[in-house]
Amino acid sequence: MSSETTVVLSAPALTEAEHRICLVAITRHGAALAARLARDLPQAHVCSASKFSATFADLPQPVHAYAGALRDEIPRLFAQYDQLVFLVSLGAVVRLIAPHLKGKDEDPGVTVVDDAGQFVIPVLSGHVGGANAMSERVADLLGATAVLTTASDVGKTIPVDILGRHLGWRVEAPKINITRVSAHVVNGEPIAFVQQAGSRHWWTRATPLPANIECLEHWEQVRPEHHRAVLWVTQADIPAAHWQQWAERLVVYRPPLEPAIPADEVRA
């Protein structure tokens, strides 16, 4: 596979303290919720309509009070932050951010909280950008419900694009492979998971690993007549024949160079 067709979609995950977060509010209720969240997210900045500045008077974090239209703030927000949490209606947020979207490798995670603080919805860059995780964090802080729509999260299965990111794994494959393999995974088709390197603590959900994922230790155990796609955790060079044989059905993960945990260790 040539370097032009190879893409690394996930770098090591940022910790919560490393995320550049901004809470954005335009209504009185939204400002009150943003102030409440800011007290539990000390690294978060605030962007709010200037008429609600007094709501944030006792916060130690930076507060940007704008006097014009929120749409004029969007380019700066996209450039300066990794996570944007809007206390704004979903429709309004979609219209505000639409002209500035580039791609999930570049866009910040965008999350929306309704004005009553009952629902938290990841809107943009749920996996790679971290909006799903941020939504769950915000929902937990507000006692709200996170409304996740990403198929792998709803189906409690492997998120192909960010698998192992918390362990420092990088995913290496053409983008079309990520898309095709993700579809095979969420559709419950037979998947070979071949692990020859890295930590065995890659499955982090509380639910069991789905039955369609078969864990193997060697490439030779993969059965082309049975498996619809392959997830391969390795430090080895990938022969061109493997990429050709599996076409758009192979995704490779590169863990950091470290001793592998014994294969018989029970996964967390």
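Beyond its neighbours within four places in sequence, L77 is in contact with C22, V24, C47 and L84. The model is predicted. L77 also belongs to the largest nonpolar core, which has 44 residues. Within that core, L23, L70, L77, F86 and V138 touch the most other members. Helix α1, residues 28-40, supplies the largest share of this core, with 6 residues. Apart from it lies another core, made up of 31 residues, including I158, I213, W219 and V251.

One of the residues of helix α1 is A32. A32 has a relative accessible area of 44%, so it counts as partly exposed, in the range between under 20% for buried and over 50% for exposed. The C-alpha atom of A32 is separated by 9.6 Å from that of L87, although the two residues stand 55 residues apart along the chain.

V138, already named as a core residue, is also one of the buried residues of helix α4. This helix covers residues 131-142, a run of 12 residues. From its first C-alpha to its last, α4 reaches 16 Å, close to the 16 Å expected at 1.5 Å a residue. Buried along α4 are A131, N132, M134, S135, V138, A139, L141 and L142. Just after the helix comes G143, with a positive phi of about 70 degrees.

A positive phi also occurs at A247, with a value of about 45 degrees, although A247 is not a glycine. A247 sits in the loop that runs between α7 (240-246) and β13 (250-254). Its relative accessibility is 46%, and A247 therefore counts as partly exposed.

The two positive phi values are set out below.

| Residue | Phi | Place |
|---|---|---|
| G143 | about 70 degrees | just after α4 |
| A247 | about 45 degrees | loop between α7 and β13 |

Aromatic rings form 5 pairs in the structure. In the pair of W219 and W246, the ring centres are 6.4 Å apart and the planes meet at 80 degrees, so the pair is edge-to-face. This pair links distant parts of the chain, 27 residues apart. W219 lies in the loop between β11 (213-216) and β12 (229-233), while W246 lies in helix α7. Both W219 and W246 are buried, and W219 is among the residues of the core of 31 residues. Elsewhere, ring pairs join F193, W202 and W203 into a cluster.

How values were computed. Residues are numbered from 1 along each chain as its sequence is written. This is a predicted model: local features need pLDDT of at least 70, side-chain atom pairs count only at pLDDT 80 or more; totals for chains, interfaces and linings use all residues. Side-chain values use heavy atoms; hydrogens and water are left out. A nonpolar core is a set of buried Ala, Val, Leu, Ile, Met, Phe, Trp, Tyr and Cys residues joined through side-chain atoms within 4.5 Å. Buried means under 20% relative accessible area, exposed over 50%, partly exposed in between (1.4 Å probe, protein chains only). Helices (H or I, at least four residues) and strands (E, at least two) are DSSP runs, numbered from the N terminus. Contact means heavy atoms within 4.5 Å. The expected span of a helix is 1.5 Å times one less than its number of residues. Rings of Phe, Tyr and Trp (its six-membered ring) pair if their centres lie within 6.5 Å; planes under 30 degrees apart count as stacked, over 60 as edge-to-face and the rest as tilted.
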